[in-house]
Structure formats: structure tokens, C-alpha cells
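Hello,

Here is the structure I promised to pass on. Please have a look, then read my notes underneath.

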Amino acid sequence: MGNNKNKKTAKKAKAKKFKKNGQVPYPYTRKNKNTDEAKASVKIKSAEITMSAVNRNQYPTEGIPEIALAGRSNVGKSSLINGLLNRKSFARTSQTPGKTRTINFYLINDEFFFVDLPGYGYAKVAKSEKDKWGEVMERYLSEREELCSILLLVDVRHEPTDDDKMMYDWIKFFGYNCIVVATKADKISRGNYQKHIAIIRNKLELKPEDKIVITSSSDKIGLTSLWDEIVSEYRSHGYQITTEEKATIE
């Protein structure tokens, strides 16, 4: 009985240490792990898909700011959007991974767009399909004034691929801010977060100031932190996003 009490005390102390150093999302214990996710900084009042575009003349023209999501096929872009919006099946996964060339524009609260870019890296796709993907992406990324930032999604369990590195370099080439979002954090232990972050930083050759946010849509890990980054990106470009007070961790 005494050993169990000591283990619990040690775990709580470890959680406090991590919180202080900012190493992993707090709290550490499974019992309270979702406490800091209780209320996102943005309250979702409305969400709708307004356009599935291929050509530039199909893009929205209202001047509403955008943040785009890029990543490999099946990395979890739809799940992340659903998690951020607290909707189960708002954004749907493509039934033909690697062949979807449309750019989906999701209007949130009539204030901003989430833009779901076509996935890449699907092994069974022919070179001609990859070339078409490249044309769609370049068309969108070049001279899109409404685009404030891009979330690059990678699977936290694995080293980023060469395609992920290419996408990151492409984002930087076009001059956009990039936040790396490491998805599927529920598949690894929290004690291994820093090791996997180091692997991602090394492969993508990130600078020290470049941000990585670890998330899990199913366990609601990191979603509040990601909302903070999203709001910050919009505001840094001069747009005001309506927010609410977050839940306080006791």
C-alpha cells in the first residue's frame, strides 16, 4: 500500500515538473489528461464547406483569412478538423486517397477558413497524378493573399518522409509561416514525446523558433494549444478572431 502511494506521489511530482518546463501537455495523469481541453479558446458557432475548388477562379473572393492544412494521405487532416470543431464527421476522409485534387474551404464562424489541401505521398498513385497534385498546390500557394499560415501535419510515430520535407520546404519557399502538427499522439507514451519531437525537427531541419504542436483528435490532446497558435497567426496578420476564456487548470 505504501509503495502505491509513493508511486502516485512521484507521478504527480513528475507532472508538475513537465508543466513547469513546458515539455509535455499537462496534466500527466490519465485521470485528468483532458482537463486542459475542456473549453477551446474559440467557440464554434457555425461551420460549413463553401467550396471544393480545383482552379483559382473557384477560390473564395470575399477576402476572409485562411489557414491551410497540408499532409500525407491518411495523416489525419479530417480528424484534426473535426477535433478542432468538436464535430464527429464534419470533414470526411477521401475514399480515394492520393487522387483527390480538390481544395476544400471550410468557413468557420463566418470569420475565417480552414483550407483542407489534397493529401500527398500515397504509394499507389501514378506519376501523372502526382504531377496534377503539384499543379493544384502550386496554383493555390502562389500569391494567395488571404493565406496566413499553413499547418503541416506529420504522424508523430514516424520520422517525416521525404515528401513531408519537400512540403515544408515548399511552404517556406512561398514565404508562409508553418506550424508542424504531430498527430496521433495517443499512439505513443507521453514520456516519448521529446524523442519524437527531436526526430521531426531533425528530419525537417526546423529552426529553434519553429513550432511543433503534438495532438490527438481522439484523446483531445493539444487541441487547445493548437487553437492558441491558430488565433495567434490570424491576429499577427491583422485579423480579429472572436475567442472565449479557457478553462482553468486547478
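Start with residues 11-40: pLDDT stays under 50 there. The model still has 44 contacts beyond four places in sequence for that stretch. This is a predicted model, so please read the stretch with that in mind. Over the protein chain, pLDDT averages 82. At least 70 is reached by 76% of the residues.

Now the part I spent my time on.

Strand β5 covers residues 147-155. Nine of its nine residues are buried, so take the strand as mostly covered. β5 has β2 (residues 66-71) as a parallel partner, with six bridges between them. One pair to look up is Ala70 with Leu152, the latter in β5. β5 also runs parallel to β6 (177-183). Seven bridges join these two. There, Leu151 has Ile179 of β6 as its bridge partner. From β5 the chain passes through α4 to reach β6, a right-handed β-α-β crossover.

Helix α4 spans 162-173. It has 12 residues. From first C-alpha to last, α4 reaches 16 Å, close to the 16 Å expected at 1.5 Å a residue. Its buried residues are Asp164, Lys165, Met167, Tyr168, Trp170 and Ile171. Note that Asp164 and Lys165 are on that list. After α4 comes Gly175, with a positive phi near 85°.

Next, helix α5, residues 193-204. How far apart are its end C-alpha atoms? They are 17 Å apart. The 12 residues should span 16 Å at 1.5 Å a residue, so the two values agree. Which residues of α5 are buried? They are Tyr193, His196, Ile197, Ile200 and Leu204. These cover an arc of only 105° around the axis, which puts them on the same side of α5. What covers them includes β5, α4, β6 and β7 (212-214). So β5 and β6, joined by seven bridges, both appear in the cover over α5, and so does α4, the helix of the crossover. α5 is followed by Glu205, where phi is positive, near 60°.

If you open one view, I would pick the buried residues of α5 with β5, α4, β6 and β7 around them. Then follow the chain from β5 through α4 to β6.

Best wishes

How values were computed:
Residues numbered from 1 in each chain as written. Predicted model: local features only at pLDDT ≥ 70, side-chain atom pairs only at ≥ 80, totals over all residues. Heavy atoms only, no water. Helix = DSSP H or I, 4+ residues; strand = E, 2+ residues; numbered from the N terminus. Expected span 1.5 Å × (residues − 1). Buried < 20%, exposed > 50% of the residue type's maximum accessible area, 1.4 Å probe, protein only. Arc of directions from axis to C-beta. Contact = heavy atoms within 4.5 Å. Pairing = 2+ DSSP bridges. Right-handed = clockwise from strand over helix to strand, strands pointing away. pLDDT = per-residue confidence, 0-100.
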